Structures are given as C-alpha cells and as structure tokens.
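Biologist: I would be grateful for a close look at a single part of this model. Please take one residue and then set it in its surroundings.

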Amino acid sequence: MRPARCWRRASVAEPRGQRDPRRGDLVIGLGNPLRQDDGVAWQLLQELEDDPGSPRTAHASLRICRQLLPELAAELPLQGRVLFVDAWLQPGGQEPRLEVLTPDPLGAAHLHQLTPAGLLALGHQLFGVAPSASILLVPGRRFGHGTELSAPLRRRLPAARALLRGWLREGAGPCTN
Amino acid sequence: MTRTITIDPVTRIEGHAKITLHLDEAGHLADARFHVVEYRGFEKFCEGRPFTEMAGITARICGICPVSHLLAAAKTGDKLLAVQVPPAARKLRKMLNLAQLCQSHALSFFHLSSPDFLLGWESDPARRNVFGLMAADPELARAGIRLRQFGQQVLELLGGRRIHSAWAVPGGVRTPLSAEAKAWILERLPEAKATVAAALELYKGLLDGPLQREQRTFGDFPSLFLSLVGPGGQWECIDGLIRLVDSTGAVVADGLREDDYASFLGEAVESWSYLKFPYYKPLGYPAGLYRVGPLARLNVCDAIGTDWADRELQEFRQRSGTADSGGRIVTSSFAYHHARLVEIVACLEGIEQLVLDDTLMNGRIRARASLNANEAVGVSEAPRGTLFHHYRVDDDGLITRVNLIIATGQNNLAMNRTVAQIAREYIPDPVPPDAGIPEPLLNRVEAGIRCFDPCLSCSTHAAGQMPLRLELHDAAGQVLAARQRG
C-alpha cells in the first residue's frame, strides 16, 4: 500500500537546517540505577551536572535513560558529536575504554532493544545525518538489585572519568583563557 | 476434531499475552480468549511502605504511562493528607497529563498501529513494524517521532525526567513552570499540531477507503462507556466525576465519585488470565461490560472545550456514530485509533491554553500537612482509560492494603469480545482440520487487541515472568494435549 499523498503535502517542520541553541555535543548515559553497576552512567553524568569545574560547557547536553528510545534519534542530527556511556559486562581485568561507533541497522531491530549503533542508524535513516559517535564502556561486575556500585567498578571510576572528561575537552576546543 | 489456534506472543503491544481460539467439534469458533500471562505483585509488595512512596513506586509499574500512576497516587495522597491542592498545582498536573496522553497516543498510532494501516495487512510481517514504516514513509516516521518527542520533552520540562518523574506529590507539585519550558513549548507547538493534522487527514482517507471493513468488524458491539467528565460534561483527563453512558447515548450513571468505586464496580477473576475483569455492578458479570480510554472519553463527554478538538469530535461522531444513538456514540473498537488522534488535538490545545497562564509560573504549588485520613481513592485518566488507586494506611502512614484498577483491565471483557468478533469475520467457518491460517488473519486478531493499546505490565501489576502454556481443548473442555516452556 503506498503512503497517502496527503502526507507529502503536510507542512511539517523538518529538523534539517534548524539551528538548535543546544547544538554541540550530546552525552547519553544508559542503564538502570537500581541494578548496581548498570547505574554507572547515572553516577558519571550526575557528577558532571554537580561539578561546576567540569569540562562540560554550554556546548554539551546530557541525557540519561534506562533504555534508548527512537525519539532520541530526533536529537542526533542537531549534534556535532555524540558519546554514549554504558556499563560493560566483563568478567574482570578490563579497563574503561572509548570506542568509535558506527551506525548499525541491526541494532534497531526492536523498539525495546535499541542499541547505540542502532540509534545512530535510525537517525541516519530518518534525518540523513549521523554525527560522529563514540561509546565509553565501563566494566561492571555486579548487576543484581541494588543502588551501590561494586568495588571493582568503583576502582575504575577515575579512569572512566578521565576518558569522559577528555572527550568533552576535545569538543570544547582550545582553551581561550 | 477440535483445534485451538494460538497466536503467541502478541507483537507490538506493551507487555506479553496469548490468544487462544477454541473451535467446537464442527470446526466453528466457539470461544476466543485474550490471556495475560504476566504477574507482578505491586498490590502486595507495596504493603508496609509509606504512602508517600506510592507515587514513585507505582510510577514504576510502567515505563509508558508512569505519569498516570504518579498522578493517581498523588491524588490519593492529597486525600490522606486532607489538603486542598492549590489551583496552579492542579493546572500543572493537568498539563503533565496532557503531555503524557499526547506522547502515549503518538506511540500507539505511529509506532504500533500505523504499520498495519500503511504497509498493509498482507505485507511482510518482518517489515510491518515501525522500522518498515521508516523505510516506506520516512516523513511520517520522522513526524511521529518528533510528536512523541514533544510530549516527552514537556514531561521532562515539567517533571525533570521523561520517565518515572517524582514531580507530582501529595499536596501538589514540586516546581512551577519555568520560563525556559514555556518558551520551548510555544516554539514546538505549531509543528506538533501540524503533525497531528496531517495524521488525521491521512487516517480519514484510509477510513473512507481500505479500513472500512476493519471499522465494521473490529469489536463493534454495544457496551457501556466510562470516564471522568468535568463541569458541564466536558472532556476531562484528571479531575471531575465519573460518568457512564450506554450505546444509545443515555447516561446510565453520573456524578459518581471515585471514593465510591466499590459500590458500582466489581472485579471478577477467571482461571485463564492474570488480568482482572472489572464490570459495572448493577448489571452483573459479564453483562456489566464497559469500555474505557479514548473511545469512551469521547463517547462520554458532551464536548471537549477547545475549538479544533470540538470540530474533530463532531466529525468523529458524524463519521462513525451509530444510528441507535442518533450519531452520538461510536461503538467500533477500531475507532480507538481515530479517538486517539482527536485526543492528541485536545491535548495540544489544552497545553497551549495552560502554558499561557502565568499563575503556573508564579502561583503556590503545594499544600503540606500530616496524615489526616486512613483510607483514600485517587483517580486519573491514563492514555488507556480510567485509573483508580485505593490505599488503606495505618496511623503511621504505612500502607496496609492497596487496590489498583488499571485502565487496560477495565477493557478486558471488551478485548475478549473483540477477538471473538474478528475471528468469526476473518477465519473460515467452519475451519477445515488441515487448513492453514494466513498471516494477515492472525495479524487482524492481534490488531484487534492493539485497538485498545493495552498495557499489560500495568494491568497485572504482578511479579516475575511466567511460563508459556499452550492447550488444546475438546468440546467437553478436556485437555487433549499440552505443552509448556519457560
């Protein structure tokens, strides 16, 4: 069945070409703060919010969510860069790391299981733009019920913070002070 | 030989369910049942918790309509405190609910239901979903996503979070409307309105064409309809009193208070589903079947109260109203889709009116008190229908008993009847023993359920994930074969 022609005549504002005052970088934290190490992104992003000396400047927006939703795709084309922050199920010995992300349509196969790469693919498919994207993976050990981060993960928080803040500093550009 | 045809799991609704169709010995459809196999236990594990936590706890019943539980819990808490909520707080709560309705209805129409309408019942099931829609009509998909984003962003601007916000509390709300929020809402409203206008034009065209059969056969039967109404019978989403009308448009009961719900609503249980079966007590079970949600709200109200929405309401009735009601009442469950779009219009116009009210930025927003009652009932209109929260607390404010009557549960009987009607319309009668069931027919049965946009996680409010069971029954009800997994 072909889409009804009336839709193409509708005057719906397109995000392409719109200038959003928040344009800059977007940090999206994922995870469930009630599942121990799965809440690490909430911890890291809350620290950024609370720290007046953090490298997060007016150019960086923060989003924290339990799962990625298609509506986030509407925000992607307005960003210069996107960083996802997520816990990483690892048996042990790994350090936090930053990886480049590329759009992957397979990651958008199911509304309730949208991956960061899938979200990028969705944004690209719908809006024709895929911002430069990375993911900060923080190794976690415990994902049971609870709000406390495990000791192994807490030991890795300084390294995770350094990577996060380093990424933000890159987007802020050279210091002009 | 009897056969049970099972469609399992039902895709593209929130939660999990099973549908069984029971044939008699002659191969005729004897019965159809919508089984809910989720069990979660909120009503039990909330016992012992402070009632002040109920807003935060019950909001976590669901990630799609947490605001509905938040508001019902806050209203119940208002009564336990015996406070008068300031007018500005009432309006802010209403704005929150309007945004909630908008985003939920947008999800239902664009993500869950329109793939059927626009890609066709016979299209590849692997692509007949929101991602197939994005490939087929990216403009529609984009607009739908941004419409839902609008609703969610309003929730965040008011409540601080899109999901599981703790902003509405007993006595009022935590923060007023900010200037930033007001500016953002006013900037994005025109686009949101344009999107729903285009969606309505699209849908009406389909209704005049390929969807006529579905409108006629997807759960078109007489029933009662229940919802809140405001003063003068206006469409209402959070305050007001309860009204029931029948399929002729006659008012069966009016001015009912939620506190008295147990006097006019009963809750039956069936062995084959974890979902309760609410019914209108004066008519008994199951004759007291009633529907709630967008279709019911539009049937029950006299008018919506904003210009565009009222014009759409009039057209809704003219297009689909029954002769028995003089065109006043729409009985087809398929019309829930149209009703959702009309309600999005009502929500956007309502938000526009409220956001221009300066008292929402400057007025008093919370009344405070200690516990002053040991039992209370709160009600709100969730996207799927009327939601009741009933708490009993001890003198320390700890919950001793909770009863939740969820919107989707109240549509339970109607969903079963809808499934049966669709099955009779689309499945050959009698069903040959070796006949296959084409995918489009299975999808229509599922789609009939989707008309109600059921939220099953909410409706069963229970714990854990249960095993799946498939049974084949003969005409005498004996189990001929059974298989279980999980």
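Is A:Arg142 buried, partly exposed or exposed, and what is its relative accessible area?

Modeller: The model is a predicted one. In it, A:Arg142 has a relative accessible area of 48%. Because buried means under 20% and exposed means over 50%, A:Arg142 counts as partly exposed. The residue belongs to a loop of chain A, where it lies between strand S5 (132-140) and helix H4 (151-172). On the surface, A:Arg142 takes part in a patch of positive charge, together with A:Arg141, A:Arg154 and A:Arg155. Membership of such a patch requires over 30% relative accessible area and no salt bridge, and the 48% of A:Arg142 satisfies the first of these conditions.

The chain around this loop has 4 helices and 5 strands. Read from the N terminus, its elements follow the order α-β-α-β-β-β-α-β-α. Chain A contains 177 residues, of which 50% are buried. Its exposed surface comes to about 9000 Å², with carbon and sulfur atoms supplying 51% of that area. Among the contacts in chain A with a separation of 6 or more, 78% are between residues 24 or more positions apart.

For a second partly exposed residue, one may turn to chain B: B:Leu186 has a relative accessible area of 32%. B:Leu186 is located in helix H7 (residues 179-208). Leaving aside residues up to four places away in sequence, B:Leu186 touches B:Val355 and B:Leu356. The C-alpha atoms of B:Leu186 and B:Ile351 are 9.3 Å apart in space, while the two residues are 165 residues apart in sequence.

Terms used: Residues numbered from 1 in each chain as written. Chains lettered and ligands numbered in written order. Predicted model: local features only at pLDDT ≥ 70, side-chain atom pairs only at ≥ 80, totals over all residues. Heavy atoms only, no water. Patch = residues over 30% accessible without salt bridge, like charges linked within 9 Å, V, L, I, M, F, W, Y side chains within 5 Å. Areas by Shrake-Rupley, 256 points an atom, 1.4 Å probe, with all protein chains shown as cover. Salt bridge = Lys/Arg side-chain N within 4 Å of Asp/Glu carboxyl O. Lys, Arg positive; Asp, Glu negative; His and termini not counted. Charge placed at Lys NZ, Arg CZ, Asp CG, Glu CD. Helix = DSSP H or I, 4+ residues; strand = E, 2+ residues; numbered from the N terminus. Buried < 20%, exposed > 50% of the residue type's maximum accessible area, 1.4 Å probe, protein only. Contact = heavy atoms within 4.5 Å.
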